[in-house]
Amino acid sequence: MIPEFEKFKGFSAKRLPKEEGIAPGHRGCQGCGEVLALRMVMKALGKDIIVCSATGCMEIITSPYPQSAWNVPWIHIAFENAAAVASGVESALKVLKRKGKLSKKHIDVVAIGGDGATGDIGLQWISGAFERGHDMVYVCLDNEAYMNTGVQRSGCTPYGAMTTTSPPGKQSIGQVTWKKNIPQIMVAHNIPYVATASPAYYLDLMNKIKKAAMVKGPAYVHIYAPCPTGWGSKGEKSVEYARLAVETKVFPLYEVIEGKYIVSRKITKPKPVSEYLKGQRRFRHLTEENIEYIQKRVDEEYEKILRLAELP
């Protein structure tokens, strides 16, 4: 349905880009799943890009003045307006090309934000950019809370999770609302490409990012990003939790290409949600009854995705 995809062979384990858009000299926490995913994103995109980065963990750890871990043109902007600035950059590139002042054939414009910057305080800016049809890729690195400011809850914090602003107790289970479904909100904008990805499946992630960049118009990729600091999990377990989230159906992997749903990895023998929850301090207060309730909701949400993809 998108002509550019027909010629795309995709990355393979033996054929990966050598360039690094982000240097290893960042200051991320040990076991940070977010910076791991970001490195994959940058390798897939290459050097001909301009990155607009919202305030968040990835901005904090990569740009302590006067140093920078970025090997590509990069601009730090406010928490909420990454998509708005990316819209301006994309428009400026069009003007430069029209005036003959830009020699390169194409420069990808990429906006990057966390779950709070994307699903909460930056949502209307993204909506406006997508409605206008700007040729840009928006990447959400979702670690399920406002981690760099003290692990406060966000609209993407899962039900039952403990954060500093949703503490559990005798009268509270922790987070009382369900995780906001940002990918589905983006699909509702009728943009050409929306996808979910996980650093545990690096080729799937990198191929989706590259496809998003090939699209003419807005594209959105929502990436699951484990956070040992905010989740109270072991740093060496980040990739394992990223994989468990998929295997338990907590975080389904799929694409929506021109409105058509494609499940990237159908889970036929799912592991119980309890396997994913254990070992994360943010969920240690949950009872068996709470976990059964979460399991039921996870199953229902996964069935919705299968129905949208017209799968049994």
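The following exchange walks through parts of a predicted model.

Trainee: In what order do the 8 strands of the open sheet stand?

Mentor: The sheet is an open one with mixed pairing, and the twist averages 15° from one strand to the next. Read across the sheet, the order of the strands is β2-β1-β3-β4-β6-β5-β7-β8.

Trainee: Which strands stand at the edges, each with a single partner strand?

Mentor: A strand with a single partner strand has one side left without a neighbour in the sheet, so such strands are to be sought at the edges. The two that stand there are β2 (74-77) and β8 (260-263).

Trainee: Which residue of β3 is the bridge partner of Cys52, and which residue in β4 does that partner stand opposite?

Mentor: Strands β1 and β3 pair in the parallel sense over 5 bridges, and β3 is joined to β4, again running parallel, by 5 bridges. The bridge partner of Cys52 in β3 is Ala111. On the β4 side, Ala111 stands opposite Tyr138.

Trainee: How many of the 7 residues of β3 are buried?

Mentor: A residue counts as buried when its relative accessible area is under 20%. Strand β3 is largely enclosed by the rest of the structure, because the number of its 7 residues that are buried is 6.

Trainee: Are helices α2 and α8 roughly parallel or oblique to each other?

Mentor: Helix α2 (residues 33-45) packs against helix α8 (residues 202-214) at an angle of about 50°, and their axes lie 9 Å apart. Angles under 35 degrees would count as roughly parallel and those from 65 to 115 as roughly perpendicular. The angle falls in neither range, and α2 and α8 are therefore oblique.

Trainee: How many nonpolar residues does the contact of α2 with α8 have?

Mentor: The contact is made by residues of both helices, among them Ala37, Met40 and Val41 of α2 and Tyr202, Leu205 and Ile209 of α8. By class, the contact has no polar and 2 charged residues, while the nonpolar ones number 10.

Trainee: At about what angle does α2 run to β4?

Mentor: Besides packing with α8, helix α2 lies across β1 (49-54), β3 (108-114), β4 (137-142) and β6. Its angle to β4 is about 160°.

Trainee: Is Ala78 buried or partly exposed?

Mentor: Ala78 is found in the loop between β2 and α4 (82-98), where it touches Ala54 and Thr55, leaving aside residues up to four places away in sequence. Its C-alpha atom is separated by 5.6 Å from that of Ala54, which is 24 residues apart from it along the chain. Because the relative accessible area of Ala78 is 32%, this residue is partly exposed.

How values were computed: Residues numbered from 1 in each chain as written. Predicted model: local features only at pLDDT ≥ 70, side-chain atom pairs only at ≥ 80, totals over all residues. Heavy atoms only, no water. Axes fitted to C-alpha atoms, helices over the stretch in contact; angles between N-to-C directions. Helix = DSSP H or I, 4+ residues; strand = E, 2+ residues; numbered from the N terminus. Parallel < 35°, antiparallel > 145°, perpendicular 65-115°, else oblique. Contact = heavy atoms within 4.5 Å. Nonpolar A, V, L, I, M, F, W, Y, C, P; charged D, E, K, R; others polar. Pairing = 2+ DSSP bridges. Buried < 20%, exposed > 50% of the residue type's maximum accessible area, 1.4 Å probe, protein only.
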